[in-house]
Amino acid sequence: QVQLVESGGGLVQAGGSLRLSCAASGRLFSINSMGWYRQAPGKQRELVAAITSGGSTNYADSVKGRFTISRDNLKNTVYLQMNSLKPEDTAVYYCNADMRALLAWSQRDYWGQGTQVTVSS
């Protein structure tokens, strides 16, 4: 079964750093883009950062210069390094990947279970 497993969330003070990881596992044929979304209480889920299989990146304006997305294609893993964290970064962070399972006809979106990031002021 193809799945995404996240790790690295937690509680940090404002100005601190956290690193999120998300590993894809299962019988995979290919992984295209990977990314991170977040959802704060009472708000819609929003894109934080995304990275293509070739390494091109895209960031939400609110995190540019503070967050860095990267991936290790050999490990099927995407990372989100979060620096200079602010209380408004508090949310559940979800990993997302556009993947094709080994016996599937086409690729589709997969989501991780979510990891809580809480930034205290």
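In the predicted model, Asn-76 lies in the loop that runs between strands S7 and S8, and the backbone at this position has a phi near 55°, a positive value in a residue that is not glycine. Most residues other than glycine have a negative phi. With a relative accessible area of 26%, Asn-76 is partly exposed, because the buried class ends at under 20% and the exposed class begins at over 50%. A second residue with a positive phi is Ser-84, for which the angle is about 50° although the residue is not a glycine. Ser-84 is placed in the loop between S8 and S9, and at 41% relative accessibility Ser-84 also falls in the partly exposed class.

The loops just described belong to a chain whose secondary structure consists of eleven strands and zero helices, so that the order of elements from the N terminus on reads β-β-β-β-β-β-β-β-β-β-β. For 121 residues, a compact globule would be expected to have a radius of gyration near 14 Å, and the value of 14 Å computed for the protein chain agrees with this expectation. The C-alpha trace, taken along its principal axes, spans about 50 × 25 × 25 Å. Of the 121 residues, 40% count as buried, while the accessible surface of the protein chain amounts to about 6,600 Å², with 48% of this area belonging to carbon and sulfur atoms. Among contacts between residues at least 6 apart in sequence, 56% join residues that are at least 24 apart.

The interior was examined next. The largest nonpolar core holds 33 residues, and within this set Trp-36, Leu-80, Met-82, Tyr-93 and Met-99 touch the most other members. At least two residues of this core are supplied by each of strand S3 (18-25), S4, strand S5 (46-51), strand S7 (67-72), strand S8 (77-82), strand S9 (91-101) and strand S11 (115-120). The most is given by S9, which contributes six residues to the core. The surroundings of Leu-80 were then listed without its neighbours within four places in sequence, and on this basis Leu-80 is in contact with Leu-18, Arg-19, Leu-20, Trp-36, Val-48, Ala-49, Phe-67, Thr-68, Ile-69 and Tyr-93.

With respect to aromatic side chains, the count comes to one aromatic pair. This pair is formed by Tyr-37 and Trp-111 in an edge-to-face arrangement, with 5.0 Å from centre to centre and 65° between the planes; the arrangement is assigned as edge-to-face because the angle between the planes is over 60 degrees. Distant parts of the chain are linked by the pair, since Tyr-37 belongs to strand S4 (residues 28-39) and Trp-111 to strand S10 (residues 108-111), 74 residues apart. Both partners retain some accessibility: Tyr-37 is partly exposed with a relative accessible area of 24%, and Trp-111 is partly exposed with a relative accessible area of 37%. Arginine side chains were also found over aromatic rings. Arg-100 lies over the face of Phe-29 at 4.4 Å from the ring centre, and Arg-108 lies over the face of Tyr-110 at 3.8 Å from the ring centre.

Following Trp-111 in the sequence, Gly-112 is placed in the loop between S10 and S11. At 12% relative accessibility, Gly-112 counts as buried, because this value is under 20%. Apart from its neighbours within four places in sequence, Gly-112 is in contact with Leu-4, Glu-6, Tyr-94 and Cys-95. The C-alpha atoms of Gly-112 and Tyr-93 are 9.0 Å apart in space, and the two residues are 19 residues apart in sequence.

Towards the N terminus, Ser-7 is found in strand S1 (residues 3-7). Ser-7 counts as partly exposed, at 39% relative accessibility, and, when residues up to four places away in sequence are not counted, Ser-7 touches Arg-19, Leu-20 and Ser-21. Arg-19 and Leu-20 are also among the residues in contact with Leu-80. From Ser-7 to Thr-118, the separation is 111 residues in sequence and 14 Å in space, C-alpha to C-alpha.

Methods
Residues numbered from 1 in each chain as written. Predicted model: local features only at pLDDT ≥ 70, side-chain atom pairs only at ≥ 80, totals over all residues. Heavy atoms only, no water. Phe/Tyr/Trp six-rings, centres within 6.5 Å; stacked < 30°, edge-to-face > 60°. Helix = DSSP H or I, 4+ residues; strand = E, 2+ residues; numbered from the N terminus. Buried < 20%, exposed > 50% of the residue type's maximum accessible area, 1.4 Å probe, protein only. Lys NZ or Arg CZ within 6 Å of the ring centre and 35° of its normal. Rg over C-alpha atoms; globule rule 2.2 N^0.38 Å. Contact = heavy atoms within 4.5 Å. Areas by Shrake-Rupley, 256 points an atom, 1.4 Å probe, with all protein chains shown as cover. Core = buried A, V, L, I, M, F, W, Y, C linked by side-chain atoms within 4.5 Å.
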